[in-house]
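Let's take a walk through the side-chain packing and charge pairs of this protein. Have the model open alongside as you read.

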Amino acid sequence: ECIRQHATASAAAAAAAGSDTAAAAAGSGGVPGGLFAGFVSAVLNDLMYLFKDSLERLADVKQIEDSKADAEAWSALAADVRGDKEAFYRGQQRTAGGFMALARTTLDLLNTLSGDNVIARTFLQQPLLGKTAYAVLHFLELLVGPRCQSLQVVNPQRYNFDRQALLLSMVQLATQLGKHAEFQQVRFLSASCGGGFLGVAAAAAVGC
């Protein structure tokens with residue numbers, strides 16, 4: 001209830017600020033709408049960083065796994081080169097799992113917040129509206145687009161990577177916010193995904 005009160009106050013502050021104040025805040029890197037809007041923006045920034053970083057590290061792990069699968073070529077590498085690659089491999093393994101776990105927890109928090117109609121109003125104010133829509137589309141594209149092949153590591157559970165669960169959580173965030181007209185009117189949503197990208201992602205989440 002306390003969070004809902006802060007969200008209501010943030011939405012009211014954003015409405016009262018007017019377009020001039022909002023533009024000035026956006027230009028200076030600030031987030032209009034009060035402290036709660038700033039909190040949501042920080043959580044969203046954390047998700048974008050953690051998710052992007054962990055997926056990039058998984059791609060590195062996959063690349064080295066593929067290299068090691070060719071035993072002849074791997075053994076032909078100089079010992080110091082192999083050692084460097086192994087050290088890099090172990091480091092990426094350790095960090096990818098921790099970052100992915102944090103990303104999933106952060107996404108769960110955003111789904112909890114956006115699932116409340118009052119709190120969800122915070123996501124519907126710019127610049128959070130555009131940032132949220134971009135994050136949803138970008139990460140859905142990574143999970144179901146051509147680059148998803150680079151994420152097919154040997155043991156995804158080791159890295160807390162559950163592609164189906166991530167897809168379902170991301171689609172949940174999109175559909176919860178998609179109930180609101182403001183989110184539906186983000187112009188680049190339909191332009192970027194050809195009008196049916198969320199449907200493709202949802203089908204992939206169920207069938208993968």
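Is F39 buried, exposed or partly exposed? F39 is partly exposed, with a relative accessible area of 39%. Keep in mind that this is a predicted model.

**Aromatic pairs**

Searching the whole structure turns up 3 aromatic pairs. One of them joins F36 and F39 in a tilted arrangement, with 5.9 Å from centre to centre and 35° between the planes. These two sit 3 residues apart in helix α2 (residues 35-69), so about one helical turn separates them. F36 counts as buried, at 8% relative accessibility, whereas F39 is partly exposed.

Another tilted pair is F51 with F139: the ring centres are 4.5 Å apart and the planes stand at 55°. Here the partners come from distant parts of the chain, F51 from helix α2 and F139 from helix α5 (residues 128-144), 88 residues apart. Both rings belong to buried residues, F51 and F139.

**The core**

F51 turns up again in the largest nonpolar core, which has 48 residues. F51, L55, L58, F161 and M170 have the most contacts inside that core. Helices α2, α4 (79-114), α5 and α6 (163-178) each supply at least two of its residues, and the largest share, 12 residues, comes from α2. As for L55, if you skip neighbours within four places in sequence, its contacts are M100, L142, L151 and F161.

**Charged pairs**

Side chains of opposite charge can pair when their charged atoms come close. The count here is 6 salt bridges, including these:

| Salt bridge | N to O distance |
|---|---|
| K52 and E56 | 2.6 Å |
| D53 and R57 | 2.4 Å |
| R121 and E182 | 2.6 Å |

K52 and E56 are both in helix α2, 4 residues apart, or about one turn of the helix. Both are partly exposed: K52 has a relative accessible area of 41% and E56 one of 36%.

D53 and R57 also lie 4 residues apart in helix α2, about one turn. D53 counts as buried at 13% relative accessibility, and R57 counts as buried at 19%. R57 has another partner too: it lies over the face of F99, 5.5 Å from the ring centre.

What about R121 and E182? R121 is in the loop between α4 and α5 and E182 is in helix α7 (residues 181-184), so their pair ties together parts that are 61 residues apart in sequence. R121 is partly exposed at 30% relative accessible area, and E182 is partly exposed at 26%. Finally, K68, E86 and R90 are joined into one network by salt bridges that share partners.

How values were computed:
Residues numbered from 1 in each chain as written. Predicted model: local features only at pLDDT ≥ 70, side-chain atom pairs only at ≥ 80, totals over all residues. Heavy atoms only, no water. Phe/Tyr/Trp six-rings, centres within 6.5 Å; stacked < 30°, edge-to-face > 60°. Buried < 20%, exposed > 50% of the residue type's maximum accessible area, 1.4 Å probe, protein only. Lys NZ or Arg CZ within 6 Å of the ring centre and 35° of its normal. Core = buried A, V, L, I, M, F, W, Y, C linked by side-chain atoms within 4.5 Å. Contact = heavy atoms within 4.5 Å. Salt bridge = Lys/Arg side-chain N within 4 Å of Asp/Glu carboxyl O.
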